[in-house]
Amino acid sequence: MIEFTSDGPFSEKANQLFPGRVRVLGLGQTGAAVCDQLVLHGRPAQDLWVFDSDQLTIEGSVVPNRHLLGRSLVHGLGCNGDVALAREIVALEEDRLAPVSRGCDFLILVLGLAGSTGVALAERFIELGHEAGAKVIVVGVQPFAFEGLARRERSIQAIADLRREADSVLVLAHDRIAENPATVKNIRHGFHLMHQLLAQTTQALAQIVCKRGLIQLSFADVRSLYGRYAGSEVLENCWVAHVEGDIHDRTEDLVAELLACPLLSDESIWKRVDHAIVAVSGTRDLGLSDVQEMVSAFKERITVDIPIA
């Protein structure tokens, strides 16, 4: 049994940030690892659920609401890339899945796009969420190139299928961190780094659609930006970075750290970017001028002229 103390940097602010509004579902091994990051970094009050057909994944997760699926079919051994088998499991577990999609405004589904259980679950949760009146956002990650052609082709098909049904699909790519020092030294560190980035993306989405701000974005903004790729050959469409610090004394340093983050450090990505969302959170003494200064510094440092929300 895993025991831990929730003493992360956000623990004091974690009490019901988004009560009844956002539910995050970690689907498959990757989804479980991302939800674990959300718990371990001091965000325990969020509505987190984990589902997989692999018993090791479920037993190793620290998310309280975790569920092993398909025990009678695969005996806790997972689906090993068999999407048809995963869909069979999902059909058998309908009674356990349907209630999870009710009673919230937004479902955020987090998964590895090359996995079978995660993809099959995402397909069904999109349907269930829409039936319950919820908006559904998918946050997924493509596999490393070295993981093989079969997994890449499976992820490409999954992206196309999910984009046809979900309200928004954000796709990150593992290969973006292939040259990161943490990945070069130890591939497990690379996966861990991506799980952290996916957790930060999920947290930012929850804040954007639910938390009041000086300048409020809405789900319509997210949908207009990330829900427009259905039928498109574009795969990777999301790059994310996260920094923390004192904005009053070191705006320039914070922006430099932001642009040096793993997914933004390759300047070639700016040729593919056509918009940016900047979410700034702070204490009560954070002023509008502080936000303006930081966004201005960000615009000056990037190499393209793009609209910033």
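Buried here means under 20% relative accessible area, and that cut-off is what the first close-up leans on. The model shown in every view is a predicted one.

**View 1. Strand E1, enclosed by its surroundings.** All of strand E1 (residues 22-27) goes under that cut-off: 6 of the 6 residues are buried, so the strand is largely enclosed by the rest of the structure. Look at one side of E1 and you find Val22, Val24 and Gly26; on the other side sit Arg23, Leu25 and Leu27, and both faces are covered. So what does E1 pair with over 6 bridges? That would be E4, and the two strands run parallel. One spot to zoom in on is Val22, whose bridge partner in E4 is Phe106. E1 also pairs with strand E2 (residues 47-52), again in the parallel sense, over 5 bridges. There, Gly26 has Val50 of E2 as its bridge partner.

**View 2. Phe106 and Phe219, a tilted ring pair.** The model has 6 aromatic pairs in total. In this one, the ring centres of Phe106 and Phe219 are 5.5 Å apart and the planes meet at 55°, so the pair is tilted. To count as edge-to-face, the planes would have to be over 60 degrees apart. The two rings come from distant parts of the chain: Phe106 belongs to strand E4 (residues 106-112) and Phe219 to helix H10 (residues 219-226), with their positions 113 residues apart in the numbering. Buried or exposed, these two? Phe106 and Phe219 are both buried.

**View 3. Phe144 and Phe191, edge-to-face.** Here the planes sit at 90° with the ring centres 5.3 Å apart, so this pair is edge-to-face. Phe144 is in the loop between strand E5 (135-142) and helix H7 (149-165), while Phe191 is in helix H9 (residues 187-210), so the contact between the rings ties together parts that are 47 residues apart in sequence. The partners don't share an environment: Phe144 is buried at 2% relative accessible area, whereas Phe191 is partly exposed at 27%.

**View 4. A cluster of three rings.** Which residues make up this cluster? Trp49, Phe51 and Phe125, linked by ring pairs.

**View 5. The buried side of helix H11.** Helix H11 (residues 251-259) has Thr251, Leu254, Val255, Leu258 and Leu259 buried. Those residues cover an arc of only 130° around the axis, which puts them on the same side of H11. What do they pack against? Their packing partner is helix H12 (288-301).

**View 6. Cysteines without a disulfide.** If you're setting up the chemistry, the disulfide count is simple: it is 0. Cys261 is in no disulfide, and the nearest cysteine sulfur, belonging to Cys238, is 13 Å away. For a disulfide, the two sulfurs would have to be within 2.5 Å. Cys261 is buried, with 12% relative accessibility. Cys104 is buried too, at 7%.

**View 7. Residues 8-17, a stretch to read with care.** Across the protein the pLDDT averages 88, and 90% of the residues score at least 70. Over residues 8-17, though, the pLDDT is below 50. The stretch still has 18 contacts in the model beyond near neighbours in sequence. Where pLDDT is low, the predicted coordinates shouldn't be read in detail.

Terms used:
Residues numbered from 1 in each chain as written. Predicted model: local features only at pLDDT ≥ 70, side-chain atom pairs only at ≥ 80, totals over all residues. Heavy atoms only, no water. Phe/Tyr/Trp six-rings, centres within 6.5 Å; stacked < 30°, edge-to-face > 60°. Helix = DSSP H or I, 4+ residues; strand = E, 2+ residues; numbered from the N terminus. Buried < 20%, exposed > 50% of the residue type's maximum accessible area, 1.4 Å probe, protein only. Arc of directions from axis to C-beta. Contact = heavy atoms within 4.5 Å. pLDDT = per-residue confidence, 0-100. Pairing = 2+ DSSP bridges.
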